[in-house]
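Q: Walk me through one part of this model in detail, the part that holds the metal. Then tell me how the rest of the chain is laid out around that part, in plain bench language.

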Amino acid sequence: MKMHKEHLKQASVQKYKEDAKHKEHVKQASIQKYADDDSHRCKVKQQTKTRRENLKEENKQITEVIRKFKDAVQKGPECVCSCCLRLFFEKQVLICKKGSYDNSIYDSCTTEKYKHTCTDDCNTHCAFEGTCRTSLWICYTCHRKMMKGKIPADSFSNGLMLEDVPLELKQLNAIEQQLIALNIPFMKIMALPKGGQKGVHGPVVCVPSDLKKVTTILPRSEDESLLLKVKLKRKLNYKGYEKYQFVKTKPFGASTCVFKG
Ligand SMILES: [Zn+2]
Ligand SMILES: [Zn+2]
Ligand SMILES: [Zn+2]
């Protein structure tokens, strides 16, 4: 008997989830009952009140508050919004369902780029298994805009998609990066009072650099594995240097090609 009751309950939950018409019907009936039935309304109000009071009581206990906080920050911001591609905590996003939005809006402003779908390359126990990366998320800001049939301002489809960094540039060290930079930005960076983050103070000045000079001054060699020692100085006649590192000439040539191409 009990099993049957449980079974019915499950079926009803399932129907509510899947059948939109049924869901709307149940919602309307519930609103109607709340409006018409005085005793029902009192009961609901009382339940809400008790729940709020319990929560208030719970929050007075500092250990409980700490536990809740630790729970909330246990996972970092790991969920990528499929529309604005920002990182969010799990609480700030919901599962992105195609059916919730207008088809053309959905197709034009969501991407599965950051959703992990297992391929043959994955091990039997994929590292992404059971993590946020296997679902498609959407943040509330984008969700609300898309529900209204509009393209969210922050959507990647508004020309905000960042290209992947080419392999030639990925493997450069700090001094190599500096040598091939088309513009060298100068800015005042200071530690922010809270959160251990850094902020930029004042204007950023971009100084264009002459790549031709760099590529002609550095010696060229047939040997592709040649390493050069390069010192980066604030001024050429200074003794001291800012950075002193090896520079690979092979990927270096390739990386300048990336810019030209
Ligand atoms: Zn049954
Ligand atoms: Zn978003
Ligand atoms: Zn996988």
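A: Here is the metal-binding part, followed by the open spaces and a few residues further along.

A quick word on ground rules: this is a predicted model, so local features need pLDDT of at least 70 and side-chain atom pairs count only at pLDDT 80 or more, while totals for chains, interfaces and linings use all residues. Residues are numbered from 1 along each chain as its sequence is written, chains are lettered from A and ligands numbered from 1 in written order, and side-chain values use heavy atoms, with hydrogens and water left out.

Let's start with the zinc ion (ligand 2). Four cysteines hold it through their SG atoms: Cys81, Cys84, Cys139 and Cys142, at 2.2 to 2.3 Å. (A donor is an N, O or S atom within 2.8 Å of the metal, or 3.2 Å for Na, K and Ca; with water not among the atoms, a site may look incomplete.) The angles among the 4 donor atoms run from 100 to 115 degrees, and the site is tetrahedral, a label given to four donors if all angles lie between 85 and 135 degrees. Read along the chain, the donors of the zinc ion (ligand 2) are spaced C-x2-C-x54-C-x2-C. Cys84 sits in the loop between β1 (79–80) and β2 (87–88), and Cys142 sits in helix α6 (residues 140–147), so this pair ties together parts that are 58 residues apart in sequence. (Helices are DSSP runs of H or I with at least four residues, strands are runs of E with at least two, and both are numbered from the N terminus.) Both of these cysteines are tucked away: Cys84 counts as buried because its relative accessibility is 10%, and Cys142 counts as buried at 2%. (Buried means under 20% relative accessible area, exposed over 50%, partly exposed in between, with a 1.4 Å probe and protein chains only.)

Right after Cys84 comes a residue worth a glance. Leu85 is in the loop between β1 and β2, and its phi is positive, near 60 degrees, although it isn't a glycine. Most residues other than glycine have a negative phi. Leu85 counts as partly exposed because its relative accessible area is 22%.

Now the other metal. The zinc ion (ligand 3) has a mixed set of donors, His116 (NE2), Cys118 (SG), Cys122 (SG) and Cys126 (SG), at 2.0 to 2.3 Å. Its 4 donor atoms subtend angles of 98 to 117 degrees, so this arrangement is tetrahedral as well. The spacing here is H-x1-C-x3-C-x3-C. His116 and Cys126 both lie in the loop between α5 (103–109) and β4 (137–139), 10 residues apart. His116 is buried, with a relative accessible area of 16%, and Cys126 is buried too, at 10%.

What about the wider layout? The protein is split into domain 1 (79–158) and domain 2 (167–182 + 210–260), with bounds from an automatic or database domain assignment. The C-alpha centres of domain 1 and domain 2 are 39 Å apart.

Next, the empty spaces. The search uses a 1 Å grid over the protein atoms alone: in a cavity a 1.4 Å probe fits but cannot get out, a pocket is an open set with protein on both sides within 12 Å along at least five of seven lines, and lining residues have an atom within 4 Å of a point. Points are joined across faces, edges and corners, and volume is the space filled by probe spheres set on them.

The count gives 1 cavity of 30 Å³ or more, and the largest cavity holds about 70 Å³. Among its 14 lining residues, Val80, Tyr114, Lys115, Ser135 and Trp137 lie nearest its centre.

The largest pocket has a volume of about 1,100 Å³. It is lined by 23 residues, with Gln178, Leu179, Ile184, Leu232 and Lys233 closest to its centre. At least two lining residues come from each of α8 (174–180), β5 (183–191), β6 (198–208), α9 (211–217) and β7 (227–232), and β7 gives the largest share, 4 residues.

Last, two residues further along. His201 is in strand β6 and counts as partly exposed because its relative accessibility is 43%. Val247 is in strand β8 (residues 243–248) and is buried at 0%. The C-alpha atoms of Val247 and Glu6 are 69 Å apart, with their positions 241 residues apart along the chain.

Notes. Four donors count as tetrahedral if all angles lie between 85 and 135 degrees; four count as square planar and six as octahedral if opposite donors are over 155 degrees apart and all others between 65 and 115; anything else is irregular.
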